Amino acid sequence: MRRTTILPGFGLALGFALFYLGLLVLLPLSAAFIKSAGMGWADFWQAVSAPRVLASYKLSFGAALLAAAINAVFGLLVAWVLVRYPFPGRRFVDALVDLPFALPTAVAGIALTALYSSNGWIGQYFAAAGIKIAFTPLGVVVALTFIGLPFVVRTVQPVLEDLEHAVEEAAASLGASRLQTFTRVIFPALLPALATGFTMAFARAVGEYGSVIFIAGNIPMVSEITPLIIISKLEQYDYAGATAVAVVMLVISLLLLLTINALQIWSRRRASA
């Protein structure tokens, strides 16, 4: 008997999916490679290895990794509190987690700058201790942490909700301490979701522009991110140089994401073994 489905057949659905992905993803990315390929190797290397560009690579990828690591720790903590502890206003706090998704990035950047500047509500206390946040690389990390938190919370939260309490009770009955129960029972089950959230937060942070541009200060060689370098080259009508920097950023991002995904697959296999 022929099986009927709601959606079209496999061939038609697959063809449409590949066409859609190719039109929206592969075509723009290939255009960047084609545009930069016309520069010649000497011009390409000169554009992507300038000291100012190298400094922006270091800041963009370093701050993105640091922000994603911070979100992996505190995002897990937020998800744990939302799932395991009933308290007044929990629904409000749960909705507040999604605020970086809904808030325009430029608004987030202006708000963070106002809060963490030397005379801001929060920044003034750090300034009194000799710590400057706004217009420094530290401000970039703050902005990237803000926009990446929901990715970790929303990937870990469903796994925590589905985790059986009976497993924890069994571990406790066998004499395991709270720390042993968490590290040997709970954390291995959460690790694949946590790695997914970390990957998504990192990928989002690498290309972030709107929320960073205000709080970074955009000081060359200090707090200038790579997306700003690309925008600056476009404003100077240096389209080939902009695409060259974009290609390098794209290749590095893909390599890092492939590495993180490989680690994620390994952690899943280890958890299921």
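These legends describe close-up views of a predicted model.

**View 1. The largest pocket and its lining.** This pocket has a volume of about 400 Å³. Its lining is made up of 18 residues. Nearest the pocket centre lie N71, V142, T145, F146 and L149. Five elements give two or more residues each to this lining: helix 3 (51-84), helix 4 (90-97), helix 5 (99-102), helix 6 (105-116) and helix 8 (137-162). Helix 8 provides the largest share, 6 residues. By class, 16 lining residues are nonpolar and 2 are polar. No charged residue lines the largest pocket.

**View 2. The second largest pocket, with helix 10 and helix 13.** About 270 Å³ of space lies in the second largest pocket. Its lining consists of F202, A203, V206, G207, I230, A246, M249, L250, S253 and L257. Helix 10 (178-206) and helix 13 (239-272) each contribute at least two of the lining residues. Helix 13 gives the most, with 5 residues. The lining divides into 8 nonpolar and 2 polar residues, with no charged ones.

**View 3. The largest cavity.** A search of the whole structure for cavities of 30 Å³ or more finds 1. The largest cavity has a volume of about 50 Å³. Lining it are L59, S60, A63, V140, L144, A205, V206, E208, V212 and I225. Helix 3, helix 8 and helix 10 are the elements that each give two or more of these residues. The largest share, 3 residues, comes from helix 3. By class, the cavity lining holds 8 nonpolar residues, 1 polar residue and 1 charged residue. V206 belongs to the lining of the largest cavity and also to that of the second largest pocket.

**View 4. Helix 8 and its bend at G148.** Helix 8 has 26 residues. At 1.5 Å a residue, the helix should span 38 Å. The C-alpha atoms at its ends are 39 Å apart, so the span in the model agrees with the expected one. The helix bends by about 40° at G148. A proline, P150, follows within four residues of G148. Helix 8 also gives 6 residues to the lining of the largest pocket. T145, F146 and L149 are among the residues nearest the centre of that pocket. Helix 8 is also one of the elements that give two or more residues to the lining of the largest cavity.

**View 5. T113 in helix 6.** T113 sits in helix 6. Its relative accessibility is 13%, below the 20% limit, so T113 counts as buried. Leaving aside neighbours within four places in sequence, T113 is in contact with F135, F214 and I215. Helix 6 is also among the elements that give two or more residues to the lining of the largest pocket.

**View 6. P220 in a loop, with A55.** P220 lies in the loop between helix 11 (210-216) and helix 12 (226-235). P220 has 40% relative accessibility and therefore counts as partly exposed. Partly exposed residues fall between the 20% and 50% limits. P220 and A55 are 165 residues apart in sequence. In space, their C-alpha atoms are 8.2 Å apart.

How values were computed
Residues numbered from 1 in each chain as written. Predicted model: local features only at pLDDT ≥ 70, side-chain atom pairs only at ≥ 80, totals over all residues. Heavy atoms only, no water. 1 Å grid on protein atoms, 1.4 Å probe; cavity = no way out; pocket = protein on both sides within 12 Å on 5 of 7 lines; lining within 4 Å. Points joined across faces, edges and corners; volume = space filled by probe spheres on them. Nonpolar A, V, L, I, M, F, W, Y, C, P; charged D, E, K, R; others polar. Buried < 20%, exposed > 50% of the residue type's maximum accessible area, 1.4 Å probe, protein only. Contact = heavy atoms within 4.5 Å. Expected span 1.5 Å × (residues − 1). Bend = angle between axes of the 7 residues up to and from the residue.
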